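Thanks for coming. I will keep this short, and I will explain the terms as they come up.

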Amino acid sequence: MIFSTVEQAPADPLFGLNDAFKADQRPEKVNLGIGVYKADDGTTPILDAVKTAEARLLETEKTKVYLGIEGESQYNLGVQKLLFGENSELLSQQRVETLQAPGGTGALRLGAEFLIRQTKTKTIWVSNPTWANHSNIFSTAGFEIKEYDYYNSDSHGLDFEGMISSLSNAKAGDIVLFHSCCHNPTGIDLNAEQWNAIAIVCVEKQLVPFFDFAYQGFGHGIEEDAQGLRIVAAQVPELLVANSFSKNFGLYNERIGAVTLVAENTSTAQKSYSQIKRIVRAMYSNPPAHGALIVSTILNDAKLTMQWHNELKQMRERIAQMRQLFVNTLNAEGVTQDFSFISDQIGMFSFSGLTKEQVEKLKSEYGVYIVGSGRISVAGMTTTNIPVICKAIAQVL
């Protein structure tokens, strides 16, 4: 029996937390672990722009034939324009190639597989802290994982000097994973001046940036959130981007993302593109169509695009409001510890500074579920559950 030696794998920390939440019978339980946007009524709605696009597809679709290995072409072009801008020189120079991927995770893994198979690089630098699944994705692909400093736990802010110092130890050809915006888990981003300094380091050290772009539009706006990527891409000749539409289109279970490669010239871009296609063919052959068709339908209709922009703005503003309400309610509960930094952060997540012991107590005694690192999904907060959350935090501090 060849399966008899298989050992039980440990539960995934995030989805295991979600399973524990589902099993909890307490009526006032709150899940702030998994990164899913919630409206104030606690639901994760389908955007109106998405509903309209789906209705149109239902009316006009005439076939369910396979997509090509690269995915839906209009979708891929739409991705490029969102990343680099409508009038990007990179696009006119034909230095960019995009392949539709199964979610942001699939895009990261495709990029990792391409790099490990087609280049001599074996090392990737990730921020400390970073999304928990990053190390899993890249180590499984065969990378050595190294960390660069990012977060100052004393100031609850960015440790930019530490970041630059860490990257000075990287070697030519090393990959550096950057969060384009809405850094997960800290909610702390670089400004334009800092991104420019990062670009200079990458050029001088011959480092290859790999951007994880999962939250475009959730920070300051669709164009604003692409600022860092565009600053670096204007100076660094080669880079990769893994993007996702789970959050900003609300297409979580459609698993729709893309991997985009920028090369020094058209020929290199096309050769690299051909090799990523080979990986896709061997891995899953070609991607599913529905999510890509929704996105491309919206992006190719000016009215639907504007509707999407407005809905995304509403989500972004609601998250910011929840941040401020959270800070205000903690103060009202008599918490003397300064949590004002949470209102300065952006995106779906906040690094709360709560200890593992406090996190465990929140879960076991109060039914408030957050990740062991202390990362809170602010996007899961509502006017109804914030009082519950803040009362519990006040008790465990």
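I will go through the sheet, then the cores, then the cysteines.

This is a predicted model, in which local features need pLDDT of at least 70 and side-chain atom pairs count only at pLDDT 80 or more, while totals for chains, interfaces and linings use all residues. Residues are numbered from 1 along each chain as its sequence is written, and side-chain values use heavy atoms, with hydrogens and water left out.

The sheet is open and has seven strands, in the order S2-S10-S9-S8-S7-S3-S4, with mixed pairing. Strands here are DSSP runs of E, at least two residues, and helices are runs of H or I, at least four residues, numbered from the N terminus. Two strands pair if DSSP finds at least two bridges between them. Strands S2 (96-102) and S4 (144-149) are at the edges; each has a single partner strand, so one side of each is left without a neighbour in the sheet. S3 (residues 123-128) and S7 (residues 175-179) run parallel and are joined by two bridges. Ile-124 stands opposite Ile-175 in S7.

Next, the cores. A nonpolar core is a set of buried Ala, Val, Leu, Ile, Met, Phe, Trp, Tyr and Cys residues joined through side-chain atoms within 4.5 Å; buried means under 20% relative accessible area, exposed over 50%, partly exposed in between, with a 1.4 Å probe and protein chains only. The largest one has 93 residues, and Phe-84, Phe-178 and Phe-326 have the most contacts inside it. Helix H12 (residues 302-332) gives the most to this core, nine residues.

Finally, how many disulfides does the structure hold? Zero, where a disulfide is a pair of cysteine sulfur atoms within 2.5 Å. For Cys-202, the closest cysteine sulfur is in Cys-181, 18 Å away, too far for a bond. Cys-202 is buried, at 2% relative accessibility.
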